[in-house]
Amino acid sequence: MSDPEETIRFPNNITLVAPKSVWNQHALMADIVDWNASDVPSTESLFTDGEEPLSPLVRLTPEHTSFTTPVTVMFPACIGATRVWRSSESSWELVELESFENGCVTTSLSHFCHCFASGNSRILKAIGYIKPHSAVAKLALACVGRCHQCNHALEQYQEDYYFLEGYQPCTRPAPVGTCEDTTSFRVTQGAHQQTLQVSSRMCPAISDELQAQGTQFKVQIEDIEHTFKCDAATHGDVTISGASSSSQQRPSSSEPLGDVTQPSSATMSSYFASFLPSFLLVNEDIPDGSQAPISMISARFDKGEMEMKFRRVHELLKAHNFENLMVDVGGGDDFGAKTLEYLGRLDAEHGVMLAVCTENYGEMTSSPYSSNGELTFALNENVRVLPLKVVPIYPPRPPSGPDHPFDKTGAAKALVKMVLPPCRVFLDCCDKSAEQIAKLIAEELLNMGK
């Protein structure tokens with residue numbers, strides 16, 4: 001008798017894959033815990049040669065439970081992770097790192113414990129921030145990829161008045177170098193210089209105030225100049241169009257890489273192109289969208305990783321002349337008005353709704369402008385819907401039931417079945433970068449416009 005595998009995604013981008021019988025027998029859980037917790041073995045003498053943790057500490061429960069068939073575990077880690085550790089009694093032991101893709105490591109465990117990934121260096125990016133309608137900017141140094149520590153900290157900083165509250169981030173960071181143990185970076189603007197220190201315990205690092213000129217600012221990081229630009233402010237929001245290095249020249253393959261912390265601008269461009277996330281690089285494969293139908297991204301807005309990925313997709317499509325709409329969740333009262341405006345345009349201009357099908361897509365909420373409301377509009381007005389499969393579970397399974405505050409009867413599930421029937425072809429966007437997804441969407445929209 002077959003025992004099919006089931007995949008469950010937990011908060012903080014942790015995913016477990018196990019046979020259905022294991023899920024039925026054990027209450028498998030995964031979360032992130034503090035390194036100083038009393039039941040966590042010390043890592044003080046674990047590393048040599050500058051190695052350090054490059055992921056959060058993941059706790060898998062029930063602990064000390066063995067499985068006949070190993071459970072596949074995926075969790076976020078910084079680019080540069082090369083080894084995975086699991087706790088054993090009062091120490092740590094190495095387990096096989098099966099893969100590292102899209103900011104996550106994958107390993108298999110036959111019993112549950114604590115685990116994390118490690119490596120010798122963090123690869124860093126610089127993110128520009130501009131305060132709308134002011135001459136003030138700031139800079140953050142953070143890990144590239146899906147670093148849980150940096151992403152979570154930046155979210156907190158953006159809610160703190162003394163750091164980044166009121167600032168709008170750049171969507172295309174600039175590469176700055178690697179960090180081993182504790183690394184200092186010189187940040188210079190005109191006659192003013194400051195030093196940002198980055199380490200495993202001090203990442204990300206936030207600069208003091210910098211000067212912006214209109215909708216851009218320039219800054220030197222280790223003597224390499226970067227320009228962070230943004231479009232004109234609209235409704236108090238700033239949309240960043242990108243960050244670019246001052247030199248675009250590429251070296252020959254024989255040119256030495258030089259000192260990582262003080263390389264030439266050309267060397268940086270070539271060096272980082274081999275492993276930076278694809279959304280930081282220009283993709284000439286995305287076609288021109290001038291002849292494509294108008295489209296709108298419909299998604300659950302939770303400020304999480306998936307939303308951030310599709311905001312990058314949105315920027316990429318716009319950069320290639322696609323008329324792509326996506327509501328800004330920071331727009332306050334404008335959120336509902338913009339949703340209605342965009343839905344009206346889809347209807348009037350025979351556009352396409354791009355449904356980002358996370359597991360809970362279409363769930364009923366307190367807002368009439370949620371993905372459930374957008375799907376209802378698409379059904380009533382016969383708007384074309386292009387489903388984007390972004391997680392293994394498809395079609396979406398919006399929660400409902402007697403304890404649900406808004407959907408006691410499962411109306412959302414019925415709505416999903418009507419709008420996204422099995423016969424409707426979806427685009428498989430699982431485990432793809434923002435640029436790969438943008439290319440898939442671009443090609444499909446052009447086909448739909450013929």
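**View 1. F75 and its partner across the strands.** In this predicted model, F75 has V105 of strand 10 as its bridge partner. Strand 10 covers residues 104-111 and runs antiparallel to strand 6, residues 66-76, with seven bridges joining the two. Strands here are DSSP runs of type E with at least two residues, and helices are runs of H or I with at least four, each numbered from the N terminus. Residues are numbered from 1 along each chain as its sequence is written. Local features need pLDDT of at least 70, side-chain atom pairs count only at pLDDT 80 or more, totals for chains, interfaces and linings use all residues, and side-chain values use heavy atoms, with hydrogens and water left out.

**View 2. The open sheet around strands 6 and 10.** Step back a little and five strands come into view, forming an open sheet in the order 1-2-6-10-9 with antiparallel pairing; two strands pair if DSSP finds at least two bridges between them. Strand 1 and strand 9 (99-101) stand at the edges, each with a single partner strand, so one side of each has no neighbour in the sheet. On average, neighbouring strands of this sheet are turned by 25° against each other, direction ignored; the axes are lines fitted to C-alpha atoms, and angles run from 0 to 180 degrees between N-to-C directions.

**View 3. Aromatic pairs.** Rings of Phe, Tyr and Trp (its six-membered ring) pair if their centres lie within 6.5 Å; planes under 30 degrees apart count as stacked, over 60 as edge-to-face and the rest as tilted. This rule gives a count of eight aromatic pairs. One of them is the stacked pair F10 and W23, at 6.4 Å centre to centre with 25° between the planes. The pair links distant parts of the chain, with F10 in strand 1 (residues 5-10) and W23 in helix 1 (residues 20-25), 13 residues apart. F10 is buried at a relative accessible area of 11%, and W23 is buried at 15% (buried means under 20%, exposed over 50%, partly exposed in between, with a 1.4 Å probe and protein chains only).

**View 4. A tilted pair and a cluster.** The ring centres of Y157 and F163 are 4.7 Å apart and their planes lie at 45°, so this pair is tilted. Y157 is partly exposed, with a relative accessible area of 23%, and F163 is partly exposed at 33%. W35, W85, W92 and F116 form one aromatic cluster.
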